[in-house]
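User: Please take one helix of this model as the starting point and follow its packing into the surrounding interior. I would value a single connected account, with the cut-offs behind each term.

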Amino acid sequence: VHSHYSLLDGAAPVKAIVDAAKRFKMPAVCITDHGNMFAAIELYHEAMKKGLKPIMGFEAYITAGSRLEKSKESFHKYPTHHLVLLAKNQTGYKNLLKLASIGHIEGFYYKPRIDHEVLEKHSEGLIGLSACLAGEIPAALLKDDREQAKSILKYYQSVFGKENFYVEIQNHGLPEQLKILRPLVEIAKECEAPLVATNDSHYVNPEDW
């Protein structure tokens, strides 16, 4: 879920997201803005007022290169991918804040990026999700590189713990999503990774489009 704090990308006020979750009788609500935790405090207060469980997270921009390398050559060699991070507990929440801050202060190049080094250092208390088509695993499957996708999946299982990394499946009717739906399920089974079905939400109501 992306709020209006996903700049130039989301169009949903935090209160509207929480109100909708309450209206749909959802027990919990999470916001995963791009590269930042700007919505966290507002989400917490709005969700608590409505009796919903707030789940803290953000959608990180991660590079397989170094966050400190800021050149066009490096940017093209190690493209930035999406990785959803959620807090399991207080330690995880603190690590989310650290990672989001590091992305802006140390890793910013076009986007606030983190890398494997800082993710491994601040992974305690976190749950990882493989993200949308812009995630590393979907990107590998779109290139028909199944072995690379499995290698990436196993890496994240080693970082978060096997039970804390989920393979995301999405179906918005996009041809690319339909192409990789079955392969995602298959490699998740092969690697004994749990699956989670998600929507890539950027606004609350259809007419907001």
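Analyst: At 1.5 Å a residue, the 16 residues of helix H4 should span 22 Å, and its end C-alpha atoms are 23 Å apart, which agrees. The expected span is 1.5 Å times one less than the number of residues. Helices (H or I, at least four residues) and strands (E, at least two) are DSSP runs numbered from the N terminus. Residue numbers start from 1 along each chain as its sequence is written, and side-chain values rest on heavy atoms, with hydrogens and water left out. The model is predicted: local features need pLDDT of at least 70 and side-chain atom pairs count only at pLDDT 80 or more, while totals for chains, interfaces and linings use all residues.

In H4, the buried residues are Gly92, Tyr93, Asn95, Leu96, Leu99, Ala100, Ile102 and Gly103. Buried denotes under 20% relative accessible area, exposed over 50%, and partly exposed in between (1.4 Å probe, protein chains only). These residues of H4 pack against helix H2 (40-50), S2, S3, S4, helix H5 (116-121) and S5. Contact here means heavy atoms within 4.5 Å.

Among these partners, strand S3 (residues 81-87) has seven of its seven residues buried, so it is largely enclosed by the rest of the structure. In a regular strand, side chains alternate between the two faces of the sheet. In S3, His81, Leu83, Leu85 and Ala87 point one way, His82, Val84 and Leu86 point the other way, and all are buried. S3 pairs in the antiparallel sense with strand S2 (residues 53-63) over six bridges; two strands pair if DSSP finds at least two bridges between them. In this pairing, tyrosine 61 has histidine 82 of S3 as its bridge partner. Strand S5 (residues 126-129) is likewise antiparallel to S3 and is joined to it by four bridges, with leucine 85 opposite glycine 128.

Leu85 also belongs to the largest nonpolar core, which has 47 residues; Leu85, Leu119, Ile137 and Phe160 have the most contacts inside it. A nonpolar core is a set of buried Ala, Val, Leu, Ile, Met, Phe, Trp, Tyr and Cys residues joined through side-chain atoms within 4.5 Å. Helix H7 (residues 146-160) supplies the largest share of this core, six residues. A second, separate core of six residues includes Leu86, Ile127, Leu129 and Ala131. Leaving aside neighbours within four places in sequence, leucine 119 contacts Leu99, together with Ile62, Leu83, Leu85, Ile114, Tyr156, Val159 and Phe160.

Two of those partners, Tyr156 and Phe160, form one aromatic cluster with Tyr155 and Phe165. Rings of Phe, Tyr and Trp (its six-membered ring) pair if their centres lie within 6.5 Å; planes under 30 degrees apart count as stacked, over 60 as edge-to-face and the rest as tilted. Both tyrosine 156 and phenylalanine 165 are buried.

Phe165 leads in turn to serine 130, in the loop between S5 and helix H6 (136-142). At 3% relative accessibility, serine 130 counts as buried. Not counting residues up to four places away in sequence, serine 130 touches Phe165, as well as His82, Gly135, Ile137, Pro138, Tyr166, Val167 and Glu168. The C-alpha atoms of serine 130 and leucine 85 are separated by 9.2 Å, although the two residues are 45 residues apart along the chain.
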